[in-house]
Each structure stands twice: as structure tokens, then as C-alpha cells.
Amino acid sequence: MSANLAGDVTMRYVDLHPQAPGDGVPVLLLHGFGTDFGMNWRAAGWAQALETAGRRVIGPDLRGHGTSDKPTDSALYLPEHFVADLLAMLDESGVDKVDVVGYSMGSRLAWELASTAPERVRRVVLGGFGTKNAFAGTDLSDPGSGDTPFDTVYRTVAALPGNDAAALAACARGQAARPFEAEPPLTGIPLMVVSGARDALAEGAAELAERCGGTHVEIPGRDHANAVSSRAFRQAVLDFLAG
Amino acid sequence: MTELIERADTAADTPVVELSMQQAINRALSDLLTEDPEVLVFGEDVGTLGGVFRVTEGLQKEFGDKRVFDTPLAESAIMGMAVGLAMNGWRPVPELQFDGFAYPAIDQIVNQVARMNYRTRGATPMPITLRLPSFGGIQAPEHHGESLEALFAHTPGLKVVAPSDPADAYSLLLQSVRSDDPVVYMEPKARYWERRPVQLREPSDPIGTSRIVRPGRHATLIAWGAMVHRCVQVAELAAEDGVDLEVLDLRWLKPIDAAGLAASVSRTRRAVVVHEAPLTAGLGAEVATLVTENCFRDLAAPVQRVTGFDVPYPAGPLEPQYLPTIDRVLLAVQRTLEY
Amino acid sequence: MAQENFTFTLPDLGEGLVEATVLEWQVAVGDVVERNAPLVEVETTKSAVVIPSPKAGRIAELHAEEEQVVPVGEPLVTFEVEAADEPQAGIVGRVPAEEARPARRVRLRPPSD
Amino acid sequence: MRPVSPTHEPAGREAIDVDHLSPDLTRALYRDMRTARDLDTEAIALQRQGVFPAYVSVRGQEAAQVASASALDPARDFVFPTYREMASALAYGVEMVGYMSTHRALWHGGLHDVAASRFGAVNAVVGGPVPHAVGWAVGERLRGDDGVALAYFGDGASSEGDIHEAMNFAGVFGAPVVFFCQNNQWALSVPNDRQIAGGSVSARAGGYGMPGVLVDGNDAGAVHQATAEAVARARRGEGPSVIEALTYRVEPHSTSDDPGRYRDESETERWRDRDPVTLLREALLAAGHADEAHLAEVDARAAKEAERIRDGVANAPEPDGSDLFTHVFRETTEELTRQRRTWQEEVEL
């Protein structure tokens, strides 16, 4: 039932081509919970940095976010629906393979995409993400009511203009319904994990990288909210993707 | 389901540059000469000198004197030559140096350019764009401050456009020159110099689309060319009084965006049309009629016109009293608000 | 070409934000920057953003330290930029002067509806 | 070829000779002039029968028109006519039913395909198309092609500012244009001495730095030679020239004109006697280019062709009302589409 319904949700995305194309593999940027491509990536300087590096950028607003449809049924936010959206988008854009860079919830989905369709992913970057269950201790029937790091995030983003609090709550419940499993590890695809040194939501980032045979980069002084815009993060990713 | 909402690439996503309208038109001409080897730019002083307003500066140097050339001083022959060049497969972009000098060429423009495609039943298209520095506001001598838009808009077979800012000047010129119909492209001289950050964009709206420059709720100010800027000034002042004015830049004076006018005025319920040309039989009458035809039931007040007076365009010192002033526009707005 | 200073103040980065924290400068005094090059990374209560440079020019002064909270509208950075050429009039007429604040006599009353 | 010194008042019939031209050419000139004469006669009749609202006769100007148009190459040149160039169109190979339809007022400019025939639309603004010829010719040179533009205009049009502007442009740009003035001595009711200051259009060429010649416009051989020389010169890249062919409009300005109000019938009679078709016929016989039997056969065929064109144009369908809207723009506008709907609902019914 939900599979059929999933077809009714439209995910909207942007496709930015550099003026001087370099690497032929596009970079897929997956934003975090409660934000969108413009806020998470473009405003944080990523679109411009990748454009300058000659990289084509594909940037979806994940379902429930930004310009995309925002259903309020949590069954429509299971990770496999997001992965199906992303694969449909890649097919529509005629893209075989991407480098995928996720942040927070976007990292979880990058992991799922790479596990489901490893042939479509060349390299993967997981930002603001670790082994910790992001929803631990949160009452998802009433997110934002408690004091967990996720409650704090939820309260901030639910108040942002353009966001639909009910859709975001449904999204949280859908994600939580399939808790993240770091097993089996993601091997065979070069992987990097990046996290702010003060990011409570990215506990276990280094461990996750190690399990997958990847590298871990820590951004000093940064937390979950502000690691994404740091120059050190961008530079680390540009180097990793170019290598 | 997925849906692409933005595709940016080299052409569409050019960097923001600071340009005057002069420079934006120059860029457009340069890009047109580059993209289409059939584009020719000619007129009085457009070559070596680069135009009396420097709009064609550097183009002859870049593209050679076969693509960008000076003609003798004869407006009728400039337009007649454009007809012949078009018949021979070229895409002429003639300049007539000033609005008032278009009158000697009216025979060629009206009798020949405008109807050649019609009279030959499509055998000889006229993809001619006449660039015409137009309107007043620079205290120029007589015959250098005329507004001919009603005359051109009244001529079957012509399309007429007047940009109001550098970004529009660029994309509307691309659109005009690429059109296979003859277009009179009226450049508001008074807006030539102000520099603005501009993203040079490919035209995205179809020919005949207006643009909301400033959204508002209480009344729509309708203008084109330099009067758009005047209306924006008025709207900013009105905002201090708690009056929220929408400014609609008509852009295309033929075809006129009747739907765009209707959409705006049926929301705001009041309209004031502002132009430099004299009142009687000016294009404001056409705009007012379109608004009345399409929004009669929504209108809270009759459409107001603020225009030049029915007098010959005056000498410099009187120009500020002839052109629609801020107070005259504000008074017209007040009349619609208090009707 | 003549040089002039241009001071860029912290813009409102979202609806109704009143301040932002400077996270990291991406330029230093003396640097020559292009328009739209990354200028400074700031964080608001809503998000962290990189502000692109509004001007091309040389950085003359940074008005805030990293970690410092800057209210919207306060100076952020001063550029030394090339002064724009004075526009030259055409063969006839004058370049219209741009009034800083246009004069008016008429005051409006908002409509009741 | 004997030197000609055409005058406004012919002393007599002044026989012409065509020894300098090939028999094939002179026979073709005769055929086209004869056909044009017959078609002209048919057209005047059609006007009197109420088929044409009006007609402008070319009678007496057949040599000037046919012999000049025959000096061009319809595959690469382009003709810019006014409204009295029926014989030129015929000699140039224009589809004549379409061309003549303008006189039946089926379509302004005519229904012939201007682009394919390389013969411009009939144009009532005399002088107006002359700058077009210059533009076309400049375009030809810009592309590196060797086509030549020939612009027809009359003694009346020579007073128009556009003629001056066009000649000056052509001189400045070195454009391959032949400015062909058919001086038929009467601009409607105004004679040359009230029209042309200085008395000569061809003499003005010198002021533009181009050659100008005056030829006997009723002498097909002379017209052809002068035009061929001007065309060859232009084709070689040596620029424009002016030809003034002195002839005479023996018919009224148009079928609705009364020349009795402004000119003496005896003058007209003297020019009727110098009929260019008769002069050429006699010259062909004298030169041995054709015999009576051949000419009789040509005459018969010309009459038949004129009838074919006459019947074609008389029976041509009237344009559909929707044609009002069809060619106003290449890309039509919403407003015009709306007006077309109004036409459908309120006029077509």
C-alpha cells in the first residue's frame, strides 16, 4: 500500500552544471533533517565550491522538505522510499554514478543508497553522523517536547518558515521505524566520515569510518549546526572526491 | 515521482556583474553578433565612434566593419537598407540615433518593414530589430526626447518593447533580435547610466510578458521604460504612508500583456498608468481600456492616467514639469484610493 | 583608477533575524577578493551560512572577531574598491542626477478595505 | 549600333537596329514584348469588364522593361519593382497569374512568390523599394556572392528623398545596384519640366560618383546593351550605376485617369507611332533575325499566352478571409488570435 502511495509524492531537485566541467561524475548532496538543499548546502557555500571545482551538483529537497511534497503519513518516510526517490531522480537525469555527500539524516540516506545500489555510488561522504541512534530518548509521538539533542533540532527546524511540523514529525517517526544498522559495514566504496568535534549527534563517527575501512575527519570547535558550513569540511570533501 | 525545478548551466547561470543599461545592451549586441553570423549592426556613428551613447562601443573592433558599420546620415535609407538585407537573409539590427529621427524613416518602418512579410505572404520575413534611444529625462535638445510607442504599437506587423533596467535590457534585446518579426526596441535614455548588479540571463518569458517589479496590495502602477523607476520611487514613498503599491513593468508595448495586467489589477483593484508621452491617444488609453474590459467588476476606482501633457516635448528647464512627477503619481494614487 | 571604501553591513540572513555569530573569516586584511567569493562564515539561530562577497576589491578592515556576535546592520567588513567611472553623457543631454531621497509633497491615506 | 541621343520630342519613327545582339536574344525580347503588349490589352479589357478595379498600363514601355529585365540572371539577381513593371516581371520569368492578381486586388503586392521569383512585391510607394535594392545588394557583397539588384523607379519617384538616399548609400558602400529609371515623361499629370530640376536623372549619377547613361527607352537593343553593361560592372564589383530610359506613357496613368486634362493628344500620338514593339519587329526583319512567318507564329503564341494569364487571373479564387490574420507576424500574438476569433464569430458567421 505504502509503495503505491510513495509514487504520489513528488521530490523536487536542482541540477547545476559548472561553466568549466571537470570530473564527469556529479556530486549528489543530501541535506539533513528539517532543512533543504538551499539552506543546508547552497547557503553554506557548497554549490559554489563544487561549481568552482568543475563538479556538477544534483541537489534534491528530500520528501517532507523544502519544495518537495510533504505528506504527513509516517509510512511514507521509510528510508527505502527516499532511496527510491533518489534512484528515480538519477534515472531521470541520465546519471549512472554519483559521489554522494550527506549531512545528518542525509548521511543515513547516503548509506542506504550506497547499500542498496552500490553500482550507482563512486564515493561516499557521511557528515554529522555516527553510530549513535539520533532518536535515542526522544518521545517521537511528541517530538520537541523533551531535552534530547534531537528534540532541540526538531524545535529549531519546525519553526523555520516553509517547514511543516507535522510532516517533519512523520518523517522522524518513519526514519526511527528502521533504526540505523552499521552492520554489515559499507565496504568496497571509498568512504569518509566528517564530524564537528562538539557534535553530540555524531558520536561514533570515527568508529563508523574505521569499521568501513574509511577515513574520519574531525572539524575542531564545530557542533552539529555549524560544522556543515566550515571551510575545513568543504576542503576535506573536495580533496577526498578528487582523490 | 521526481521533478527538476532548477537547471543551471553556463548560459543561464552567468555571474552577477555590475552594469549600466548602456553596457548591458552592448553585451547583448556582442553576444548576438557572436551567436549568429547573420546579425548586422549599423546606423549613424555606431561603428568607429561606438554610438553617441557608446552603446555600440568596441563592437566594430571586435566584429569588423562588415558586421558593424556606419551609414550615411539618412534614416529612411537605413530602414530601407534593413529591408533589403532581411530579404537577402540577414538579421539587421539598425540604430536610429534618436527617437525624433525616426520620423523621417516612418515611411520605411510603417509602409515597408511592418508589412513586407504580410504582403509577400510570408516569403520575405523581416527579422529586423530597430534600436531607438527613446523618451526624455536628459534635458536634450528638441527632437531628442520623443515617445513614439503609441505610433509603433498602432502599426500592424510591428512588435514594440521598452526595457526599464539593465538585466531586462539584455534579455529583451536577445529576444527581440532572435524574433523573426520586426521589433522596435525603445531604449530609455534616462536609464542608460545607472549601474546595477545584473545577472545576464537568457530570455525566459515569452514575448509580450510583463513583470511585477514590486508586489503590493493597494493599487497597481503600470509603466514602461524610465517611468518604471519613477513608479518604484513612488511606491517606496507610499509605503511610508502605509500604502502598498504594486509596480508592473509592461515591458512589451505590443503585444501588451493583457492577462498580466488583469491578474495584478484584479488583486489590487486600482490602477494608475504612467507614461512620458502626451495624454491624448497615448498608450495609457489602451492600458486603461484593457484593464476596464478585463477587471470591470473588480475595480474600486476608474483607471487613472499620469502622462506628459498634450504639448510638444519641452526644452530642458521645463522637462521636470512635463514628465510625470512623484506628486502627480501620488495624487493619482490618492484619487483611486479615495474614489 | 580612483579607489573608494565600501563597508558591508551584516544583512538580515533570514526573516527577522537580529544577529549572527562570526564563525570563521575566509578572507584577511589585504586580500584581493572577487565578487561572490566566500567572505565569511556566520551562524544564526537557524543555520550556518557562508556569505559571498558583495564586491570585488581589497579587504581594508574586518569589523568583527571570530566567535563575535554581530547585530544585523552593523559593519562586517570594509573593502577598498575601484570607484565606478563617472558616467559620460551622450552627444546631447545630461546624465540625470539620482536623488538620494526623492522630494514629495503629497501624503497618502491607506484605503479602508 | 548607332549612337543614340534620345529626345523628349521624337522627330520621327527613328528605326532601331539590333545587329549587335544575338538572334536568339532579339527573338526572345520580341516574344516577351509582344506577350506583354497583349496581356496589357487584355488587362485594360478586364478593367472595363469590371474584373479589375483598376489597371496601370505599360503600353509603350515594353522595350524599357523587357530589355532591362532580360539582362539579369533570375537565378542570382533580384528585381525591386514599383507598380508598373508587368513587362519586366514577364520577361524575368515571374509566374504571371500571381503577379497580375494584384491588379484584381486579390492581394497587395501580388500573389507571386517573391523569394522564389526574386522579383519584389508590387509597391505603390514609389521610391520606397529603391533603398531595399541597396540593402539587398550590400548583403550580397557581405556574403561574397555576385548577385546584382535592379531597382525600377520612374521620373516622378526620382524626386523622392529615398532615391537620393539610396543612390548615396549605394555609392558609399559600392553596392552592386542598377538604378533603372523609366522616364515615361509624365508623373501622373506632371511633366518632366515640372518634375526634374536640371532635366536629367542620369546626369545626377555623376554626383554620386557612379556612371549614368541616358538611353532610348523604346529601343530594346539599346536598353539591353546599357543594362547588360551596368549589370556586368556591378557583378565585377565596380559598383552601382544609373540608367535613364527615356520613353513615354501612351496610356493614361491608370484606367481611372483622364489625360485630356493635362496633356495634348497629338504628343501622345507621336509616341504611339514610335511603338517599341513595332520598332523591334521591323529591326528583327531588317537584321534577318526572323522572318514574317516566324513572327506571325510568335504573335499567335503571345496572344494565347496573354489569354491564358488573363483567364487565370480572372478565375483565380478570392483569398480566404482568414488570410487577413495569417502573415501579420511570424509568431502571432494572443491579441491577434483573439481578433481572429472575433472575425470568425462576427464576420465569417
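Student: Which strands does helix α12 of chain B lie across?
Tutor: In this predicted model, α12(B), residues 326-337, lies across β11, β12, β14 and β15 of chain B. Its direction is at about 165° to β15(B).

Student: What's the order of the strands in that sheet?
Tutor: It goes β10-β12-β11-β14-β15, all in chain B. The sheet is open, with five strands and mixed pairing.

Student: And which ones are the edge strands?
Tutor: β10(B), residues 211-214, and β15(B), residues 304-308. Each of those pairs on one side only.

Student: How much does the twist average from one strand to the next?
Tutor: The average is 25°.

Student: Back to the middle of the order. Do β11 and β12 of chain B pair in the parallel or the antiparallel sense?
Tutor: Parallel, over five bridges. β11(B) covers residues 219-223 and β12(B) covers residues 245-249. If you want a spot to look at, find Leu221(B), which stands opposite Val247(B) in β12(B).

Student: OK, zooming out. How is chain B divided into domains?
Tutor: Domain 1 is 16-199 and domain 2 is 211-337. Their C-alpha centres lie 26 Å apart.

Student: How many residues are in contact between those two domains of chain B?
Tutor: On the domain 1 side there are 24, and they meet 21 residues of domain 2. Elements giving two or more residues to the domain 1 side are α6 (149-153), β7 (159-161), α7 (166-178) and β8 (183-188) of chain B.

Student: What classes of residue are on that domain 1 side?
Tutor: Twelve are nonpolar, seven polar and five charged.

Student: What feature does UniProt place at residues 19-194 of chain B?
Tutor: The unreviewed UniProt entry puts "domain: Transketolase-like pyrimidine-binding" there. In the model, residues 19-194 of chain B are 36% helix and 16% strand, and the C-alpha atoms at the two ends are 8 Å apart.

Student: Switching to the whole assembly: which pair of chains has the most contacts?
Tutor: Chains B and D, out of four pairs of chains that touch. Chain D puts in 34 residues and chain B puts in 38.

Student: Which helices of chain D supply at least two residues there?
Tutor: You'd look at α5 (114-117), α6 (129-143), α7 (161-173) and α13 (334-348) of chain D. The largest share comes from α6(D), with ten residues.

Student: And by class, what's on the chain D side that touches chain B?
Tutor: You get 16 nonpolar, ten polar and eight charged residues.

Student: What about A and C, how many residues does each give to the contact?
Tutor: Chain A gives 15 and chain C gives 13. The chain A side has seven nonpolar residues, seven polar and one charged.

Student: Where do chains A and D stand, touching or apart?
Tutor: Apart. No contact joins chain A and chain D, and their closest C-alpha atoms lie 31 Å apart. Chains C and D do not touch either, with 24 Å between their nearest C-alpha atoms.

Student: How is chain D divided?
Tutor: Into domain 1, 23-318, and domain 2, 320-349. The C-alpha centres of these two domains of chain D lie 36 Å apart.

Student: Now backbone oddities. Which residues does the cis peptide bond in chain B join?
Tutor: Lys254(B) and Pro255(B), with omega about -5°. Pro255(B) is in the loop between β13 (252-254) and α9 (258-268) of chain B. Chain A has a cis bond from Glu183(A) to Pro184(A), with omega near -10°. Pro184(A) is in the loop between α7 (165-176) and β6 (191-196) of chain A.

Student: Why would anyone point those out?
Tutor: Because most peptide bonds are trans. Likewise, most residues other than glycine have a negative phi.

Student: So what is phi for Arg269(B)?
Tutor: Near 70°, so a positive value in a residue that isn't glycine. Arg269(B) lies in the loop between α9 and β14 of chain B.

Student: And Arg118(D), where does that lie?
Tutor: In the loop between α5 and α6 of chain D. Phi of Arg118(D) is near 55°, again positive.

Student: Is Arg118(D) buried or exposed?
Tutor: Buried, because 22 other C-beta atoms lie within 10 Å and the cut-off is 20 or more. Arg269(B) has 19 C-beta neighbours inside 10 Å, so Arg269(B) counts as partly exposed.

How values were computed
Residues are numbered from 1 along each chain as its sequence is written. Chains are lettered from A and ligands numbered from 1 in the order in which they are written. This is a predicted model: local features need pLDDT of at least 70, side-chain atom pairs count only at pLDDT 80 or more; totals for chains, interfaces and linings use all residues. Two strands pair if DSSP finds at least two bridges between them. Helices (H or I, at least four residues) and strands (E, at least two) are DSSP runs, numbered from the N terminus. Axes are lines fitted to C-alpha atoms, for helices over the stretch in contact, and angles run from 0 to 180 degrees between N-to-C directions. Two residues are in contact if their C-beta atoms, placed from the backbone, lie within 7 Å. Ala, Val, Leu, Ile, Met, Phe, Trp, Tyr, Cys and Pro count as nonpolar, Asp, Glu, Lys and Arg as charged, and the others, Gly among them, as polar. Domain bounds come from an automatic or database domain assignment. A residue is buried if 20 or more other C-beta atoms lie within 10 Å of its own, exposed if 12 or fewer, and partly exposed in between; C-beta atoms are placed from the backbone. UniProt positions are given in the numbering used here, feature names are shortened, and annotations may be inferred rather than shown by experiment.
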